Amino acid sequence: MGVEARAAALATRSIKTTAKAFALDLAIRMVDLTTLEGQDTPGKVRALCAKGLRPDPTDPSCPAVAAICLYGDLVPTAVEALEGSGVHIAAVATAFPSGRAPLDVKLADTKAAVAAGADEIDMVIDRGAFLAGRYLDVYDEIVATKQASGDAHLKVILETGELATYDNVRRASWLAMLAGGDFIKTSTGKVSPAATLPVTLVMLEAVRDFRDQTGRQVGVKAAGGIRAAKDAVRYLVVVNEVAGDDWLSPDWFRFGASSLLNDLLMQRQKLTTGHYAGPDYFTLD
Amino acid sequence: MSERNGRLEVRKTYKLYIGGAFHRSESGRTYEIRSADGARFLANAALASRKDARDAVVAARKAFSGWSAATAYNRGQVLYRVAEMLEGRRSQFVDEVGAGEGLGRADAEAAVDAAIDRWVWYAGWSDKIHQVHGSSNPVAGPYFDFSVPEPTGVVALVAPPASSLLGLVSVMAPVVVTGNAAVVVASESAPLPAITLAEVLATSDLPGGVVNLLTGHPAEIAPWLASHMDVNAIDLSGIDDPELAAELETAAAENLKRVVRPPAGNATEPDWAADPGLERLLAFLETKTVWHPVGI
Amino acid sequence: MPTFEYAPAPESRSIVDIQPSYGLYIGGEMVEPIDGTRFKTVNPATEEVLSEVVAAGPQDVDRAVDAARSAYDGTWSRLSGRDRGKYLYRLARLVQERSRELAVLESIDNGKPIRESRDVDVPLVAAHFFYYAGWADKLDYAGFGPDPRALGVAAQVIPWNFPLLMLAWKIAPALACGNTVVLKPAETTPLTALAFADICQQADLPPGVVNILTGAGDTGRALVEHPGVDKVAFTGSTEVGRQIARSVAGTRKKVTLELGGKAANVVFDDAPLDQAIEGIVNGIFFNQGHVCCAGSRLLVQESVADELLAGLKRRLTTLRLGDPLDKNTDIGAINSAEQLAKIRLLSEVGETEGAERWSPPCELPGRGFWFPPTVFTGVSQSHRIAREEIFGPVLSVLTFRTPAEAVEKANNTPYGLSAGVWTEKGSRILWMAQRLRAGVVWANTFNRFDPTSPFGGYKESGYGREGGRHGLEGYLDV
């Protein structure tokens with residue numbers, strides 16, 4: 001009955017036909033389409049934005065993604081490309097991915113991204129402080145970053161792969177929520193393991209319990225390592241059965257991913273055409 | 001014979017089996033395998049060097065953590081399936097054992113059948129040895145105290161020189177079923193059944209690196225394994241020179257390897273067909289005893 | 001209307017080939033009964049008739065016991081352990097190869113969800129045969145002295161809750177130790193046993209080593225009381241177990257019994273609540289509560305009772321009840337009309353006794369035998385629903401204040417099959433485990449089974465152990 005056993009049991013749910021179609025569309029709408037590479041350029045960002053707006057060029061009924069996720073200095077390009085579309089711009093900040101920088105640098109990073117037009121901020125917690133037991137420092141940093149974010153929604157990246165135990169994940173989740181985070185997020189995607197079903201399950205239990213106790217609803221983002229549509233559907237099953245209906249929307253659950261989108265599109269196409277699709281039929285970006 | 005019914009055979013190249021793949025020796029050397037009576041050329045086998053031995057130990061160490069963490073049931077299933085594959089290759093083994101050991105067909109068949117049955121016998125121990133060799137201990141105090149057997153790690157084995165399949169299986173299977181990883185030095189004069197066994201392992205579910213096979217001169221390679229500081233145990237069954245065996249045991253003492261000595265007496269091999277008992281299972285198991293207080 | 005509705009995900013029935021009528025498996029062949037009559041077996045989820053099977057009569061029982069005796073004397077006792085092991089390996093492999101067919105058949109005949117029969121029952125069946133296959137040629141090392149001998153012919157009667165698994169628990173160790181068997185599956189679940197007969201034929205098992213007699217209580221009694229059997233193994237109700245113990249008195253028959261239970265699942269205030277809730281749910285609602293070791297009494301520390309119950313009720317709303325062949329079903333059908341009547345009766349008693357009854361909203365299909373997961377709170381030790389085995393998805397919740405009180409209440413029952421303990425404190429787990437009078441203690445988990453792990457009861461839950469090295473003892477002359 002441990003977390004892993006429950007996650008494994010939920011992973012055996014069989015989601016077919018209409019349920020699968022619903023889940024695939026929902027998953028697409030929940031994707032934060034991501035590029036976080038040293039070699040990112042405005043050209044790359046423009047291409048990604050176009051993909052996020054119209055994931056399947058052959059099918060206009062395919063929904064757009066929830067957000068584009070990128071480094072703060074490229075936000076202006078995204079703002080131009082996504083103007084008026086309703087797709088959010090999530091900038092990673094606070095010395096992403098390591099979080100190892102003085103606080104004023106991290107806050108300046110945040111403010112700059114918001115000023116450039118980001119309406120969501122994905123921050124990283126100080127894992128060194130957490131593992132050294134300096135929980136109050138971790139808490140204070142999140143509070144300060146929330147303030148620096150202004151009106152932008154704050155997602156707090158726990159980097160669960162570095163926290164190592166489920167107890168730590170639960171503790172860090174509560175810390176992030178008490179400090180005012182709007183979302184708790186599993187990973188930067190730069191460390192393995194990134195998102196896993198059991199870790200996400202723990203975080204969903206935490207947001208559920210937090211709302212029971214405080215009345216405030218916090219969202220969950222599973223990021224990194226989710227490549228297959230089948231896995232994305234499994235995550236939605238876990239959201240459904242652990243946190244419930246209220247979290248089944250892009251306002252409260254996100255996937256941080258890049259290659260996942262094409263697999264979702266391939267599966268979606270198979271449902272409509274009836275045969276297996278191939279990668280040549282989908283754009284790389 | 002290069003022709004059978006007028007058809008030219010496709011001849012085989014024999015390589016070392018390290019980390020789940022087949023490699024030539026890094027030294028590029030080979031040596032000739034002939035039939036037991038010396039009359040027929042059978043093949044050129046790779047002549048392993050100390051660097052091959054070194055690589056094999058690295059592969060074994062890498063494979064050990066996964067293999068020892070597998071459930072006993074899982075190990076048993078993997079090994080049982082290997083037995084099925086051995087059964088499928090029975091006639092090939094019979095040919096190779098017969099040619100290499102100079103046995104007539106009936107004796108070769110008996111040896112191969114015994115080897116397969118021996119493998120099955122050991123496979124069945126994977127989820128039982130703990131019940132026979134573990135215990136809860138009634139200590140005189142409010143503690144729960146239990147002892148469990150655990151695999152020792154990387155085991156070097158020098159396979160018996162004469163019994164090229166039954167003897168080989170008898171030293172290899174107990175190492176693997178208990179969760180250890182093995183570096184095996186095959187019989188020098190009759191290595192073909194060992195290499196065929198490696199082919200079976202390569203196509204089975206046994207993870208690469210759990211068994212690594214070196215062919216060549218045991219007298220040349222064994223000292224490197226005996227002195228290797230990342231090898232936890234060594235089985236000297238295949239060393240038929242008592243002086244060499246003593247030297248190897250001395251070298252093994254450097255990191256206090258667990259040592260299985262060659263059979264007593266002169267170079268005659270033990271009766272590999274006899275009931276093996278638990279000795280070889282226990283030789284490569286450590287015992288861990290855990291205490292925990294009992295109280296509200 | 002939930003946001004995320006799971007579409008039906010039915011497992012196909014086409015893999016199964018149920019014959020309209022079956023005979024008895026005696027002496028290696030399917031034979032017509034001598035004095036047995038036929039009766040119908042139904043699918044409890046739909047009430048559809050599946051097939052006709054035989055209720056073996058006394059002469060059929062004679063014939064089967066004779067066949068087992070001949071096989072024992074003539075063949076099986078002369079085979080080496082190694083060869084017995086090889087036959088058992090074949091049976092294990094064939095179960096693995098036909099696993100999907102067996103899982104579907106089990107769900108159709110028993111009513112349990114396909115996910116359980118596919119992921120739990122059938123894999124354990126194969127594992128049991130593999131495990132005991134490996135013991136067949138190692139009995140000298142089993143701790144019973146050198147060269148332990150078999151008993152002879154074993155009469156085995158099994159229940160309907162885990163039909164094929166109970167068959168494996170009985171047949172595998174019996175054969176490994178060198179005995180031959182006559183096995184009677186439960187009246188309402190004969191089909192997987194008959195499929196197993198087919199597997200025995202596919203394995204070329206020597207005729208008469210395994211014999212399968214279908215039938216009900218009378219057949220079972222005739223089999224157990226037959227003078228030609230050396231060993232009796234029974235899993236079922238305590239009442240019948242008592243009858244069997246009486247009937248073998250004064251004979252030389254060796255007996256093992258695995259009977260009922262009313263297990264306490266003890267949750268302490270420091271238990272991780274979500275995990276404990278999973279354990280409680282698994283403990284009483286897995287297999288529709290048709291489990292002898294079910295955690296049917298929840299003993300929760302009073303200080304966390306409200307929080308736990310709130311979480312438990314929320315969790316129960318995500319349980320899916322319905323078609324056993326739907327891969328998303330968590331709770332299947334009750335096995336028979338008779339069992340359903342009994343569950344309903346005891347639930348009414350619970351209400352009359354003053355306990356408060358709650359079930360999550362649940363749509364029950366029109367046909368078939370169904371009962372929603374049910375929780376009774378405010379239960380005391382003296383209530384019937386706290387003492388009697390309901391054998392259905394009904395949980396009785398009681399509270400306690402201290403560990404000592406928990407132990408006292410947990411042990412205050414004539415049963416003693418299993419117990420659960422939920423706490424983060426290791427020493428407390430061990431302290432509880434030492435004091436609980438139960439044959440199986442699960443700590444921070446529940447309903448875990450493994451062929452290597454001995455299972456069996458204290459007190460009126462029976463005697464003898466199945467599984468592990470200990471499971472050999474019941475089939476050896478030691």
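Author: Let's begin with how elements are named: helices (H or I, at least four residues) and strands (E, at least two) are DSSP runs, numbered from the N terminus. With that in hand, A:P97 can be placed in the loop between β3 and α5 (103–116) of chain A. Please keep in mind that this is a predicted model.

Reader: Thanks! Which residue does a cis peptide bond join to A:P97?

Author: The partner is A:F96, and omega of this cis bond is about 0°. Chain A also has a cis peptide bond from A:S192 to A:P193, with omega near 0°. A:P193 sits in the loop between β6 (183–185) and α10 (197–214) of chain A.

Reader: What is the phi of A:T94?

Author: Phi is near 65° there, a positive value in a residue other than glycine. A:T94 belongs to the loop between β3 and α5 of chain A, where A:P97 is found too. For a second case, look at C:E47, which is not a glycine either and has a positive phi of about 65°. C:E47 lies in the loop between β3 (37–42) and β4 (49–55) of chain C.

Reader: Are A:T94 and C:E47 buried or exposed?

Author: The idea is to count neighbours: a residue is buried if 20 or more other C-beta atoms lie within 10 Å of its own, and exposed if 12 or fewer do. A:T94 has 30 C-beta neighbours inside 10 Å, so A:T94 counts as buried. C:E47 has 12 C-beta neighbours inside 10 Å and therefore counts as exposed.

Reader: And which residues does A:V92 touch?

Author: A:V92 is in strand β3 of chain A. Leaving out residues up to four places away in sequence, A:V92 touches A:L36, A:C69, A:Y71, A:G72 and A:D122. A:V92 is buried because 27 other C-beta atoms are within 10 Å.

Reader: How many bridges pair β2(A) with β3 of chain A?

Author: A general point helps when you look at strands: in a regular strand the side chains alternate between the two faces of the sheet. Here, β2(A) and β3 (residues 88–92) pair in the parallel sense over five bridges, and A:L70 stands opposite A:A91 in β3(A). Between these strands the chain passes through helix α4 (residues 75–82) of chain A, making a right-handed β-α-β crossover.

Reader: What about β2(A) and β1 of chain A: how many bridges join them?

Author: Three bridges do, and β1 (residues 31–34) and β2(A) run parallel. One bridge pairs A:D32 with A:A67 in β2(A). The path from β1(A) to β2(A) goes through helix α3 (residues 42–53) of chain A, and this β-α-β crossover is right-handed. As for β2 (residues 67–71) itself, four of its five residues are buried, so this strand is largely enclosed by the rest of the structure.

Reader: In what order do the strands of the open sheet in chain C come?

Author: The seven strands follow the order β12-β13-β14-β11-β10-β15-β16, with mixed pairing. β12 (356–358) and β16 of chain C stand at the edges with a single partner strand each, so one side of each has no neighbour in the sheet. From one strand to the next, the twist averages 20°. Inside this sheet, β11 (residues 297–301) and β14 (residues 394–400) of chain C run parallel and are joined by five bridges; C:L298 has C:V397 in β14(C) as its bridge partner.

Reader: How far apart are the domain centres of chain C?

Author: The assignment gives domain 1 (24–259 + 458–475) and domain 2 (264–443), and their C-alpha centres lie 30 Å apart. Across the boundary, 20 residues of domain 1 contact 26 residues of domain 2. On the domain 1 side, α3 (99–110) and α4 (114–135) of chain C are the elements that give two or more residues. The largest share, three residues, comes from α4(C).

Reader: Let's finish with the chains. How many residues of chain A are in contact with chain C?

Author: 19 residues of chain A contact 19 residues of chain C. On the chain A side, α2 (17–29) and α11 (229–243) give two or more residues, and α2(A) has the largest share with five. That side divides into seven nonpolar, six polar and six charged residues. The contact of chain C with chain B takes 22 residues from chain C and 18 from chain B. On the chain C side, α2 (81–97), α4 and α14 (426–435) give two or more residues. In α14(C), the residues C:I429, C:L430, C:W431 and C:M432 are buried, and their cover includes β8 (143–151) and β14 (285–293) of chain B.

Conventions:
Residues are numbered from 1 along each chain as its sequence is written. Chains are lettered from A and ligands numbered from 1 in the order in which they are written. This is a predicted model: local features need pLDDT of at least 70, side-chain atom pairs count only at pLDDT 80 or more; totals for chains, interfaces and linings use all residues. Domain bounds come from an automatic or database domain assignment. Two residues are in contact if their C-beta atoms, placed from the backbone, lie within 7 Å. Ala, Val, Leu, Ile, Met, Phe, Trp, Tyr, Cys and Pro count as nonpolar, Asp, Glu, Lys and Arg as charged, and the others, Gly among them, as polar. Two strands pair if DSSP finds at least two bridges between them. A crossover is right-handed if, with the strands pointing away from the viewer, the path from the first strand over the helix to the second runs clockwise. Axes are lines fitted to C-alpha atoms, for helices over the stretch in contact, and angles run from 0 to 180 degrees between N-to-C directions.
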